[in-house]
Amino acid sequence: QVQLVESGGGLVQPGGSLSLSCAASGDIFRLISMGWYRQVPGKERELVAVITSGGSTNYGDSVLGRFTISREYAQNLVYLQMNSLKPEDTAVYYCNARVYSSNRELLDPWGQGTQVTVSS
């Protein structure tokens, strides 16, 4: 079992900044990637940003240039720095990881989600 715990959501004004963090723990043999997705009611979950163990990153088009993902893989931590926030960034943000467990099983756990609200 692998657990992901997110923190850092909240309310921020348009144009403001917010950072999220996610810690992975449990039966982790090898961490392949960690990332962030977001979802609003009535819509599908969408990619925000992903970072691989090698440091490669991929961003959703709507956040490119405004959000930055980073990681401390030695501690199984991933961060999301969100700048120039817009009301349309309002969503529940979910942490995701792809890991191999000790028995070489590929796992795809999700965090419980943290609310980000951008409003004046």
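Biologist: Why is the contact between R66 and D89 called a salt bridge?

Modeller: A salt bridge is a side-chain nitrogen of Lys or Arg within 4 Å of a carboxyl oxygen of Asp or Glu. The N to O distance for R66 and D89 is 2.8 Å, so the pair qualifies. This is a predicted model, in which local features need pLDDT of at least 70 and side-chain atom pairs pLDDT 80 or more, while totals for chains, interfaces and linings use all residues. Residues are numbered from 1 along each chain as its sequence is written, and side-chain values use heavy atoms, leaving out hydrogens and water.

Biologist: Where do R66 and D89 lie?

Modeller: R66 sits in the loop between β6 (57-59) and β7 (67-72), and D89 in the loop between β8 and β9. They are 23 residues apart. The strands are DSSP runs (E, at least two residues), numbered from the N terminus.

Biologist: What makes R38 buried and E46 partly exposed?

Modeller: Buried means under 20% relative accessible area, exposed over 50%, and partly exposed in between (1.4 Å probe, protein chains only). R38 has 5%, so R38 is buried; E46 has 34%, so E46 is partly exposed. The two side chains form a salt bridge at 2.6 Å, N to O.

Biologist: How do you know that D89 and R38 tie together separate parts of the sequence?

Modeller: Their closest N and O atoms are 2.9 Å apart, in a salt bridge. D89 is in the loop between β8 (77-82) and β9 (91-100) and R38 in strand β4 (residues 30-39), so the pair joins parts 51 residues apart in sequence.

Biologist: Which residues are linked in a network of salt bridges?

Modeller: R38, E46, R66 and D89. The structure holds three salt bridges.

How values were computed: Helix = DSSP H or I, 4+ residues; strand = E, 2+ residues; numbered from the N terminus.
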